[in-house]
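Please find below a note on the structure shown here. It is set out as numbered points.

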Amino acid sequence: MPVATADYLAAIAHLPAGASLRVDDVPWEEYEQLLADLGEGYAVRIFYDQGRMEIMAPALPHERAKNVMHDLVVALRDEMDIEVISLGSTTLRREMSDKGAEPDDCFYVQNAEYILGLEDLNLESDPPPDIVVESDRTSSSLDKFPIYAALGVPEIWRLSKGRVQIHLLVGGGYEQSSASRAFPFLTADALSRFLAQGLAEGERKATRAFRAWLKELHPNS
């Protein structure tokens, strides 16, 4: 194992929850080697932007918000009877752009049929997720927006302080929007309401209320 990769693994093992480690001048090959050495199911999230690498250790509030939002999207999939595929925190990377990211969650909606049966995601030829979810308690995820823009992600849901912000890709950057592009009937205010309920009362109650709201909104679905 290369010395640099061993050093990263040692640092990751001692990274406290909520902390991050930033390293500059990291070659693309070193970044890919670290991903390979970590293997499947590692807890940290790794971002790469033209030589700058950031390794983040999620904290409990961050995980809870992400889980609530995931359950809401699953409920939406079932109630609307549409295909929505989550790839979780899968690594999104494009060597030609020299960028890589690992969202808290990501969903294929319009492109869900495209990735059915896909074994390896390659953003050089495959479409990016239609929605990326980023959960944080600070402005840290905003720093990752240029990475997602370069990867072509059309929509980001940013969860911060119990609310949802929707950001849509316009040109080369993101603009905040009141509603989703993938689900035009979903507003940031509605998602924020059910996210807050999930954090306060638990995912089960929030999901049940969300399903009832969807039935009222689309009674024939």
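The points below take up the nonpolar cores, a helix pair and one buried serine.

1. This is a predicted model, in which local features need pLDDT of at least 70, side-chain atom pairs count only at pLDDT 80 or more, and totals for chains, interfaces and linings use all residues. Residues are numbered from 1 along each chain as its sequence is written, and side-chain values use heavy atoms, with hydrogens and water left out.

2. The largest nonpolar core (buried Ala, Val, Leu, Ile, Met, Phe, Trp, Tyr and Cys residues joined through side-chain atoms within 4.5 Å; buried means under 20% relative accessible area with a 1.4 Å probe, protein chains only) has 28 residues. M69, I131, W157, V164, F183, L186 and F210 touch the most other members. Helix α3 (helices being DSSP runs of H or I, at least four residues, numbered from the N terminus) gives the most to this core, with seven residues.

3. Beyond its neighbours within four places in sequence, I131 is in contact (heavy atoms within 4.5 Å) with D105, C106, F107, V109, E155, W157, A182 and F183. Another core, of 20 residues, lies apart from the largest one and includes A101, Y108, A112 and L169.

4. The axes of α6 and α7 (lines fitted to C-alpha atoms over the stretch in contact, with angles from 0 to 180 degrees between N-to-C directions) come within 7 Å and cross at roughly 150°. The two helices, α6 and α7, are therefore roughly antiparallel (over 145 degrees).

5. S192 is placed in helix α6 and counts as buried because its relative accessibility is 2%. A polar atom of the S192 side chain lies 2.7 Å from the backbone oxygen of A188.

Notes: Buried means under 20% relative accessible area, exposed over 50%, partly exposed in between (1.4 Å probe, protein chains only). Angles under 35 degrees count as roughly parallel, over 145 as roughly antiparallel, 65 to 115 as roughly perpendicular and the rest as oblique. A polar contact is a pair of N or O atoms within 3.5 Å; within protein, one must be able to donate a hydrogen and the other to accept it, and residues adjacent in sequence count only if both atoms are side-chain atoms.
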